[in-house]
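Trainee: I would like a close look at a single part of this structure, namely how its aromatic rings are placed. Please take me through it slowly, and then work outward to the chain around it.

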Amino acid sequence: MNLPNITLISFGYFEKELLENTAEAVKNEFRCSVNIKEGHIDLSEFYDQARRQYNGNNLLKMIDAMSFPGSVKTLGLFNVDLFIPILTFIFGQAFLGGRSGIVSLYRFNNERYGMTGDNQFLQDRFKKEVIHELGHTFGLIHCHNTDCVMRSSNYVEDIDQKNQQLCPNCKAQIGM
């Protein structure tokens, strides 16, 4: 049986262990194969000087325009502060039922919030957000189950409180 393929593209520096652990989590959750690729773009064209952040909508469109043969979903991984016009910041976003999404590591480290650094929290938050955005690409909307990875997250504390997995209801919705 051929497994569906998901492509994760890192833009900027990411620790190899973080990418490998994230790919393994995606593989386990969606029962798919995962390719990790490195991308190179000039991020300056996505930078909004007034907000001092990067436009998530435009980055998402750029990722959506990329094509990888055999890949059913593509997720761009960044380490910059993302926004969309209606929100102060975002952790990530995806096209609902589409083939692409984006996630940024930028707001996941404890130091940003005046706390002691914790690499495990950073990795867990990143994996959860990647799985969450991929869930949207598979057509899942935000879930009301407090443990489900598809629950909405406005703050890192929200991400910390949920599991890394889809709940049984969300799994059933995508035929898993």
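Mentor: Before we turn to the rings, one cut-off has to be fixed: a residue is called buried when its relative accessible area is under 20%, exposed when that area is over 50%, and partly exposed in between. Please also keep in mind throughout that this is a predicted model.

A pair of aromatic rings is described by the distance of the centres and the angle of the planes. By the rule applied here, rings pair if their centres lie within 6.5 Å, and planes under 30 degrees apart count as stacked. The count for this model comes to 6 aromatic pairs. One of them joins Phe30 and Phe138, whose ring centres are 5.0 Å apart and whose planes make an angle of 20 degrees, so the pair is classed as stacked. The two partners come from distant parts of the chain, for Phe30 belongs to helix α1 (residues 16–30), while Phe138 sits in the loop between α3 (119–137) and α4 (156–161), and 108 residues separate them. Their exposure can be read with the cut-off above: Phe30 has a relative accessibility of 6% and therefore counts as buried, whereas Phe138, with a relative accessible area of 30%, is partly exposed. Elsewhere, ring pairs link Phe89, Phe91 and Phe108 into a cluster.

From Phe138 we can stay in its loop and move on to Ile141, which is also found between α3 and α4. Ile141 has a relative accessible area of 55%, and so it is exposed. If its neighbours within four places in sequence are left aside, Ile141 is in contact with Leu96, His136 and Met150. Its C-alpha atom lies 8.9 Å from that of Cys170, a residue 29 places away in sequence.

From Phe30, in turn, we can step to Arg31, which lies in the loop between α1 and β2 (33–39). Most residues other than glycine have a negative phi. Arg31, which is not a glycine, has a positive phi of about 50 degrees. Arg52 is a further non-glycine residue with a positive phi, in its case about 55 degrees, and its place is in the loop between β3 (47–48) and β4 (53–55). With a relative accessible area of 62%, Arg52 is exposed.

Strand β2, where the loop holding Arg31 ends, contains Asn35, which counts as partly exposed because its relative accessibility is 33%. The C-alpha atoms of Asn35 and Thr7 are separated by 4.8 Å, although the two residues are 28 apart along the chain. Beyond its neighbours within four places, Asn35 is in contact with Asn5, Ile6, Thr7 and Leu8.

The loop between β9 (100–104) and α3 holds Leu105, which counts as buried because its relative accessibility is 9%. Not counting residues up to four places away in sequence, Leu105 touches Phe14, Leu18, Phe78, Asn79, Leu122 and Phe126. Gly117, by contrast, is 12 residues away from Leu105 in sequence and 14 Å away in space, C-alpha to C-alpha.

It remains to set these places within the whole chain. The protein chain has 5 helices and 9 strands, and read along the sequence they follow the pattern β-α-β-β-β-α-β-β-β-β-β-α-α-α. Its radius of gyration is 15 Å, close to the 16 Å that the globule rule gives for 176 residues, so the chain is as compact as a globular protein of that length. Taken along the principal axes, the box filled by the C-alpha atoms is roughly 45 × 35 × 30 Å. Of the 176 residues, 49% count as buried, and the accessible surface comes to about 9,000 Å², 48% of it belonging to carbon and sulfur atoms. Among contacts between residues at least 6 apart in sequence, 67% join residues at least 24 apart; the stacked pair of Phe30 and Phe138 is likewise a link between distant parts of the chain. As for charge, there are 17 positive and 20 negative side chains, and the centres of the two sets lie 5 Å apart.

Key:
Residues numbered from 1 in each chain as written. Predicted model: local features only at pLDDT ≥ 70, side-chain atom pairs only at ≥ 80, totals over all residues. Heavy atoms only, no water. Helix = DSSP H or I, 4+ residues; strand = E, 2+ residues; numbered from the N terminus. Rg over C-alpha atoms; globule rule 2.2 N^0.38 Å. Buried < 20%, exposed > 50% of the residue type's maximum accessible area, 1.4 Å probe, protein only. Contact = heavy atoms within 4.5 Å. Areas by Shrake-Rupley, 256 points an atom, 1.4 Å probe, with all protein chains shown as cover. Lys, Arg positive; Asp, Glu negative; His and termini not counted. Charge placed at Lys NZ, Arg CZ, Asp CG, Glu CD. Phe/Tyr/Trp six-rings, centres within 6.5 Å; stacked < 30°, edge-to-face > 60°.
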